[in-house]
Amino acid sequence: MTKFNGYALLAALCAVVLTVSAAIYIGAAADDGSDRGALAVGRPDPRGAAAPVSAGVWVGAWSAAPSGAEPGTEPAGMSGRSVRNVVHTGIGGTGARITLSNLYGQQPLSITHASIAVAAGRNEAAAAMDTMRRLTFGGAPSVVIAPGREVVSDAVRIAVPQDSDLLVTTYSPTPSGPVTFHRHARQISYVADGDRTEDVSAAAYTGRTPYWRYLTALDLLSNEAVGTVVAFGDSITDGVTSTVGADSRWTDVLGRRLRQAAGSGDVPRYSVVNQGISGNQVLTSGPGRPADNASGLSRFGRDVLERANARVVVIDLGINDIARHPGRADPDRIVAGLRTLVREAHAHGLKTVGATLMPFKGHGNYRTDREQTRQEINARIRSGTVYDEVVDFDRALRDPYDPRRLRPDYDSGDHLHPSDKGFRRMAEVFDLASLKGAAPARL
C-alpha cells in the first residue's frame, strides 16, 4: 500500500467515526423517551445556548400546573418587566429546557428574551458565576405564544448541581394579559423593570411575588434519573401550608428519599415533580373558559401524561369533592372519576399509586356525613380495586385518640393541611420499591 492510499484509508475511517458519533450525540440530546415529539436543538450562540453533549435522558426536574389567570393583569400582563421565577430541582443534569404557557391569556404573549441560570444561593435572584444561558425557541431568541397554547424551548447546555435553585427569566415588551400563573408557589420569585433577562446581579430585581408566572415545567438531561414520578393532587400536594422557600412539601421530601436511596435494592432512579393545585377536585372545574382550577379529569392529560418520561403518577384527590359539595357527595361518582384517571394512566404505560384521604375534623367544612363519605372512599382505595398501589396517608397522620382528626403535631393548625412535620411523615410512608414497575395490562 502506498503512503497516499494509507492516508486516504485513514481519512475514510475518520469520516465514518465522526458520522456515527454525530448520530449518537443527536440521539442522546434529543430523545426523551416520551411521546411529546422531537425537541428542536438550539443553535450555538456566544452565551452558550447549545445542545447538551453528555449522555442521559430527559426527565422532569420541576413543574407547576397552571392554576388560572392572575388577578389584576388584564390587559397589560407583565409588559415591560422581567419575570425571574425561582424554582428548585433535586436532581442534577447537563442540559435544560423549559415550558412556557399562555393558557389563560386572551392575546398573544410575546417573549423577546428568556434565560436560565443557577442561582447564587437559596431563594436568591442573583445568578452563580458563569451559569447564565440564553434560551432559544426553534433557534430564535424570541417566541410568540398564542392564547391557550404553550411552547417548549430548545435544549441548552448548563451544569445543574443536585439540590439547587434555578432562575428562569422572561421578558415581554408588549401588553399580553392576563398572566397564566400558579398561585401557591410557596417560593418567592422576582420582578425587574425593563429587559434585565441576562442580569447576573439581583440589583434590578426589587419586586417580589409569591407566584410562578408563565413557567410550567423544567426538564433536565440527566444521568441521575431514568423516569419521572408525577404527584397529582390538591392543596395538600401543592404544599400550601409548608414553609416558604424551604422546599418542605411532601413531594420535595419524597424526591430526596429517592435520590438518597437510588440504586439500592429495588428503588428506582426517579425524579419527582409536583402537579398539585389548591382546591382541585376530581369531578368539578372552576368558572371561566378555559376553566380556572380545571378538574382532575380535564387536566390529567396536560399535567401528567405530558410530563417528560413520566413513569408513575401518585394521585391524592377527592377531599375537596367531599368538603365542598353542598350536599352529601356521592362516593360512587368520586371513585368512578379516580378509576377514569387510572385507566388514562394505564393507557399511556404509567403505574398508579393512590393515597387515602386524610382526616379533617375541626376544619370549617367538616360534617359527619362528609366524614362517612371519606371513610367509604378510603375503604375502596385500601381494598386494592382502584389503584395499582396504595399509600395510606390517613393511617399515618391521623390522631390515634381521635382518628377523624390529624395528629396535633402533624396539623398546620387549620385541621386539614399538614405542618412541615406532617408533610415529612407523608413522604416517609412510601415504600420506595413500590414505585418501580410498569402499569398492568388490566387492574
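## The open sheet

Two strands count as paired here if DSSP finds at least two bridges between them. Strand S20 (residues 351-355) and S21 clear that bar: they run parallel and are joined by three bridges. One residue to look up is Val353, whose bridge partner in S21 is Glu389. Keep in mind as you read that this is a predicted model.

Zoom out from that pair and you find an open sheet of five strands, with parallel pairing, in the order S18-S17-S19-S20-S21. At its edges sit S18 and strand S21 (389-391), each of which pairs on one side only. Ignoring direction, neighbouring strands in this sheet are turned against each other by 25 degrees on average. Helix H3 packs on the sheet, where it touches strand S17 (227-233), S18 and S19. The direction of H3 makes about 175 degrees with that of S18.

## The largest pocket

Which elements supply at least two residues each to the lining of the largest pocket? Strand S1 (57-63), strand S3 (81-89), H3 and S18 each do. So H3 and S18 turn up again here, having already met where H3 packs on the sheet.

The pocket holds about 420 Å³ of space, and 36 residues line it. If you want to find its centre on screen, go to Ala61, His88, Gly90, Asp252 and Val272, the lining residues that lie nearest to it. Sorted by class, the lining comes out as 14 nonpolar, 13 polar and nine charged residues.

## Closed cavities

Now for the enclosed spaces. Counting cavities of 30 Å³ or more gives three. The largest has a volume of about 60 Å³, and the second largest about 40 Å³.

What kinds of residue line the largest cavity, by class? Three are nonpolar, two are polar and five are charged. The charged part is made up of Glu150, Arg302, Asp303, Glu306 and Arg307, while Ala64, Ala65, Pro66, Thr216 and Gln275 are also in the lining.

The second largest cavity is lined by Asp234, Ile236, Asp316, Ile319, Leu357 and Met358. By class that gives four nonpolar residues, two charged ones and no polar ones.

## Cis prolines

Two peptide bonds leading into prolines deserve a look. Gly177 and Pro178 are joined by a cis peptide bond with omega of about -10 degrees. To find Pro178, look in the loop between strand S11 (164-172) and strand S12 (180-182).

The other cis bond runs from Arg289 to Pro290, with omega near 0 degrees. Pro290 is in the loop that lies between strand S18 (270-276) and helix H4 (296-305), and S18 is also an edge strand of the open sheet.

## Positive phi in loops

Two residues other than glycine have a positive phi. For Asp247 the value is about 50 degrees. Asp247 belongs to the loop between helix H2 (235-238) and helix H3 (250-261). Is Asp247 buried or exposed? Buried, because its relative accessibility is 4% and the cut-off for buried is under 20%.

Asn309 is the other case, with phi near 55 degrees. The loop that carries Asn309 lies between H4 and strand S19 (310-316). Asn309 counts as buried too, because its relative accessibility is 7%.

How values were computed
Residues numbered from 1 in each chain as written. Predicted model: local features only at pLDDT ≥ 70, side-chain atom pairs only at ≥ 80, totals over all residues. Heavy atoms only, no water. 1 Å grid on protein atoms, 1.4 Å probe; cavity = no way out; pocket = protein on both sides within 12 Å on 5 of 7 lines; lining within 4 Å. Points joined across faces, edges and corners; volume = space filled by probe spheres on them. Helix = DSSP H or I, 4+ residues; strand = E, 2+ residues; numbered from the N terminus. Buried < 20%, exposed > 50% of the residue type's maximum accessible area, 1.4 Å probe, protein only. Axes fitted to C-alpha atoms, helices over the stretch in contact; angles between N-to-C directions. Contact = heavy atoms within 4.5 Å.
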